[in-house]
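User: Please pick one part of this model and take a close look at it. Go through its side chains, then its surroundings, with cut-offs for each term.

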Amino acid sequence: MDVIEGKWKPIILFALKGGPRRFGELRREVPEAAQKVLTEQLREMEADGILARKIKTGKTPEVLYSLTSYGKTLMPILRAMAGWGRRHRSVVLYRGQEMESLKCSEAGTDGSGTVESE
């Protein structure tokens, strides 16, 4: 869990599953993350062997980040977690609707705020 712990690491990993990305592209994928935090999390994942950092030299040097073969082994785990998250969101939504319905029943309304006749 330490390897993918962090608010932005799973999002960064999903962004990289499609292939190498420049830092600016990753910033657009995770706009809520501060540049410093994004940099720190990229460095941590690089140190853990999850992603590789490659510097391309030329007229305009660019830094590319990509998943290592070891990092790609996390994809099934992250897909499973994302699936669980979608199912969990549905459960929470359903429970919220169920609770709202219960409140309306207890208050004697039909859910629209209108009092039911007896």
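Analyst: Start with two residues of helix α3: Glu40 and Lys36 both lie there, 4 residues apart, about one turn of the helix. Helices here are DSSP runs of H or I with at least four residues, strands are runs of E with at least two, and numbering starts at the N terminus. The model is predicted, so local features need pLDDT of at least 70 and side-chain atom pairs count only at pLDDT 80 or more, while totals for chains, interfaces and linings use all residues. Residues are numbered from 1 along each chain as its sequence is written, and side-chain values use heavy atoms, with hydrogens and water left out.

Glu40 and Lys36 form a salt bridge, with 3.7 Å between the closest N and O atoms. The term needs a side-chain nitrogen of Lys or Arg within 4 Å of a carboxyl oxygen of Asp or Glu. Side chains of opposite charge can pair when their charged atoms come close. Lys36 is exposed, at 61% relative accessible area. Glu40 is partly exposed, at 35%. Those classes have fixed limits: buried is under 20% relative accessible area, exposed is over 50%, and partly exposed lies in between (1.4 Å probe, protein chains only).

The structure holds 2 salt bridges. The other one also involves α3: Lys9 and Glu44 meet through their side chains at 2.8 Å, N to O. This pair links distant parts of the chain, since Lys9 sits in helix α1 and Glu44 in helix α3, 35 residues apart. Lys9 counts as buried, at 1% relative accessibility. Glu44 is partly exposed, with a relative accessible area of 39%.

Now the helix itself. α3 covers residues 35-47, which is 13 residues. From first C-alpha to last it reaches 18 Å, close to the 18 Å expected at 1.5 Å a residue. The expected span is 1.5 Å times one less than the number of residues. Just after α3, Gly49 takes a positive phi of about 80°.

Next, the two sides of α3. Its buried residues are Leu38, Thr39, Gln41, Leu42 and Met45. Seen down the helix axis, they fall within an arc of 165°, so they line one face of α3. The arc is taken over the directions from the helix axis to the C-beta atoms. The face turned away from that buried side carries the exposed residues Lys36, Arg43 and Ala47.

What covers the buried residues of α3? The cover includes α1 (9-16), α2 (23-29), β2 (51-56) and β3 (62-67).

Two residues of α3 also appear in a core list. The largest nonpolar core has 20 residues, and those with the most contacts inside it include Leu42 and Met45, along with Ile12, Leu13, Leu16, Leu26 and Tyr65. Such a core is a set of buried Ala, Val, Leu, Ile, Met, Phe, Trp, Tyr and Cys residues joined through side-chain atoms within 4.5 Å. α3 supplies at least two residues of this core, as do α1, α2, β3 and α5 (75-107). α1 gives the most, with 4 residues. Met45 is one of the contacts of Leu13, leaving aside neighbours within four places in sequence. The others are Ile4, Ile50, Leu67, Leu74, Met75 and Leu78. A contact means heavy atoms within 4.5 Å.

The strands β2 and β3 that help cover α3 belong to an open sheet of 3 strands, in the order β1-β3-β2, with antiparallel pairing. β1 and β2 are the edge strands, each pairing on one side only. Two strands pair if DSSP finds at least two bridges between them. β2 and β3 are joined by 6 bridges, and they form a hairpin with 5 residues between them. Within that pairing, Lys56 has Glu62 in β3 as its bridge partner. Strand β1 (residues 21-22) is joined to β3 by 2 bridges. There, Arg22 stands opposite Leu64, and Arg21 stands opposite Tyr65.

Last, the chain as a whole. It holds 5 helices and 3 strands, in the pattern α-β-α-α-β-β-α-α. Buried residues make up 25% of its 118 residues. Of the contacts with a separation of 6 or more, 44% come from residues 24 or more positions apart.
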